[in-house]
Structure formats: structure tokens, C-alpha cells
Amino acid sequence: MSGGASGLRGSARRAQAGTTESPVVRWLLIGLALAFMGLFLVLPLAAVATEALRKGFGAYLEALREPDAWAAIRLTLITAAISVPLNLVFGVAAAWAIAKFEFRGKAVLTTLVDLPFAVSPVVAGLIYVLVFGAQGWFGPWLAAHDIKIIFAVPGIVLATIFVTFPFIARELIPLMQAQGTDEEQAAIVLGATGWQTFWRVTLPNIKWGLLYGVILSNARAMGEFGAVSVVSGHIRGQTNTMPLHVEVLYNEYQSVAAFAVASLLAILALVTLVIKSVIEWRHEREMKALANLPPERPPSADAAAA
């Protein structure tokens with residue numbers, strides 16, 4: 001009996017040794033990860049900050065207060081403020097339809113949601129030029145009615161919406177599919193309307209995934225370059241967003257001003273990462289709190305205890 005127990009213990013030790021890396025391998029992997037992050041993340045950010053402040057903090061602030069730079073910052077924020085809420089509505093609606101219902105064309109809708117991931121942003125911009133440009137499908141009609149989309153703010157917003165709309169839907173679809181439809185069906189059986197079911201049942205269950213998708217969509221909207229570059233026309237002070245303004249300044253050898261605006265983009269990206277980390281931390285804390293709740297006792301057990 002003792003020999004069998006010792007054999008089992010030896011097998012357990014061998015299994016543990018076979019699935020656990022040695023300290024040398026573990027520290028080597030950690031070192032490689034830190035070196036990779038330092039080389040491709042920390043070092044570029046440090047270079048941007050150093051170059052932006054090369055002529056002093058006063059020159060840095062002056063580059064950000066310059067009228068064209070301020071117009072680019074304002075246009076970037078306006079574009080994100082318009083595109084992200086529209087993507088929020090579309091993402092929730094698409095995810096709800098795909099995850100909660102079965103209908104003809106569901107596979108086509110799922111494919112369309114993933115389309116911007118497969119299409120180059122430059123191609124997306126060219127599509128809008130083909131449709132709304134002066135020589136495009138609707139160009140003559142738009143010109144006759146004095147409506148300007150290409151080389152104007154509407155075109156920038158449309159291009160940004162196209163490249164960012166999958167982020168929220170793609171965060172919510174697997175989450176909603178994993179949750180199933182039992183709670184929604186129970187709410188409807190109890191007399192809740194569609195809006196009541198969404199606000200009181202569906203939305204609380206998807207709030208963390210929804211916030212995460214909004215953060216990703218906002219980050220991409222502020223940093224988009226390819227599609228916006230095609231439809232903007234690079235009109236300084238009017239249709240240049242922050243990434244386009246950085247390119248213009250760099251091409252004009254205004255390196256300090258270019259890196260100053262680039263550093264602002266980097267700061268916005270870091271703020272996005274901090275918000276994302278806080279949301280993930282709060283989500284994990286909420287999950288742990290729910291896991292530590294005592295199980296509900298059945299009514300029969302309560303009656304017996306009484």
C-alpha cells in the first residue's frame with residue numbers, strides 16, 4: 001500500500017516537473033518580453049518625448065498652440081466624438097442581432113462586420129472618393145446641391161466610421177453568445193418590454209465589454225491615417241487631423257512641432273491604455289466578488305431552517 005502511494009507521489013512529482021518551467025527558462029522568457037517592450041514601445045515613446053522637448057517646454061507649448069495644430073486637434077476630437085457614438089449604436093445592434101437571433105443572411109452580416117479588418121484603409125478611402133467625389137457616382141448631384149463630402153469633414157467622419165465600426169461589435173458578439181438568451185427570455189415572460197429587457201438585463205451584462213470596445217474604437221478613430229488621408233485633401237487648418245498634421249510638419253522639416261503633436265497622440269494612447277487597464281481591473285474585481293458570494297439556498301431549505 002505504501003509502495004503504491006509512493007509511486008503515485010512520484011508520478012505526481014514527475015508530472016509537475018514536466019509541466020513547470022525551470023527558473024532559468026522563466027526568467028529568460030520574462031527578460032525577452034521586457035526587452036521586446038523596451039525596444040518597440042518604451043524606446044520610441046522616449047524618443048518622441050525627447051525630440052518634442054529638444055528646444056524646451058516653451059517651444060513645445062508653442063507648437064501645440066499654433067493655429068493649424070489646434071485646428072487638427074479640434075478636428076480629431078470632433079471626428080471621434082461623432083464616429084464613436086454611431087459605432088456604439090451599430091455595434092450593439094449588430095451584436096444583439098447576431099448573438100440573440102437566427103435569421104437569413106446572418107453569415108453575411110457577420111462577414112460585413114469583419115470587412116474593415118480585411119480591406120486596406122487606403123482602399124476604403126478610395127471607395128468614398130469613387131462614390132462621393134467630384135467624378136464619382138453621386139458627385140454631380142452633390143455639387144448641384146452644394147453638398148461637400150470629399151475634402152471636407154463629412155468625408156473624414158465617414159472614413160473613420162468605416163475603419164472603426166467592427167471594434168465594438170467584435171467585442172460584444174462572443175460575450176453575448178456566451179451569455180445566451182435565457183435571461184432575456186425570462187424577462188419577456190415576466191412582462192418586460194424590449195427596451196426594459198435591454199436596459200435592465202442585457203446592458204448590465206455587457207457593460208464591461210461595451211466600454212472596452214468603445215475605448216478601442218476611440219483610440220483607432222483618433223489615430224487613423226490611411227483612409228482619412230485619402231478623403232481629406234490635406235487642407236491645412238481645415239481637413240488635417242492630428243496624424244495628417246504630423247506628416248505635413250515632418251515633411252516640412254519642422255521636427256520639433258511634428259514630434260510635439262505626435263507626443264500628444266502618444267499621451268492620448270497612454271491614457272487609453274490606463275483607462276483600459278482600470279476597466280479590466282474593475283471587471284476582474286467584480287467577477288471575483290460574484291464568485292465569492294454564498295450560493296443561494298433553495299426555498300425548501302429556507303422553510304426547513306425556519
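Reader: Is Glu-184 buried or exposed, going by its relative accessible area?
Author: This is a predicted model, in which local features need pLDDT of at least 70, side-chain atom pairs count only at pLDDT 80 or more, and totals for chains, interfaces and linings use all residues. Residues are numbered from 1 along each chain as its sequence is written, and side-chain values use heavy atoms, with hydrogens and water left out. Buried means under 20% relative accessible area, exposed over 50%, and partly exposed in between (1.4 Å probe, protein chains only). Glu-184 has a relative accessible area of 7%, so the residue is buried.

Reader: Which residues is Glu-184 in contact with, leaving aside its neighbours within four places in sequence?
Author: Glu-184 lies in helix α10, residues 182-189. Helices are DSSP runs (H or I, at least four residues), numbered from the N terminus. Contact means heavy atoms within 4.5 Å. With neighbours within four places set aside, the partners of Glu-184 are Lys-100, Thr-197, Val-201 and Thr-202.

Reader: How far apart are the end C-alpha atoms of helix α6?
Author: The expected span is 1.5 Å times one less than the number of residues. Helix α6 has 12 residues (121-132), so 16 Å is expected; the distance agrees, at 17 Å.

Reader: Which residues of α6 are buried, and what arc do they cover?
Author: The buried ones are Ala-124, Gly-125, Tyr-128 and Val-131. The arc is that of the directions from the helix axis to the C-beta atoms. These residues sit on the same side of α6, because their arc is only 125°.

Reader: Which helix gives the largest share of the largest nonpolar core?
Author: A nonpolar core is a set of buried Ala, Val, Leu, Ile, Met, Phe, Trp, Tyr and Cys residues joined through side-chain atoms within 4.5 Å. The largest one has 17 residues, and Leu-64 is among those with the most contacts inside it. At least two residues each come from α2, α3, α4, α13 and α14. The largest share, six residues, comes from α14.

Reader: How many residues apart in sequence are the parts that Asp-68 and Arg-236 tie together?
Author: Asp-68 and Arg-236 form a salt bridge (a side-chain nitrogen of Lys or Arg within 4 Å of a carboxyl oxygen of Asp or Glu). Their closest N and O atoms are 3.4 Å apart. Asp-68 lies in helix α4 and Arg-236 in the loop between α12 and α13, so the parts they tie together are 168 residues apart.

Reader: Which residues does the network with Arg-236 join?
Author: Arg-236 also meets Glu-252 in a salt bridge, at 2.7 Å from N to O. Through shared partners, salt bridges join one network: Asp-68, Arg-236 and Glu-252.
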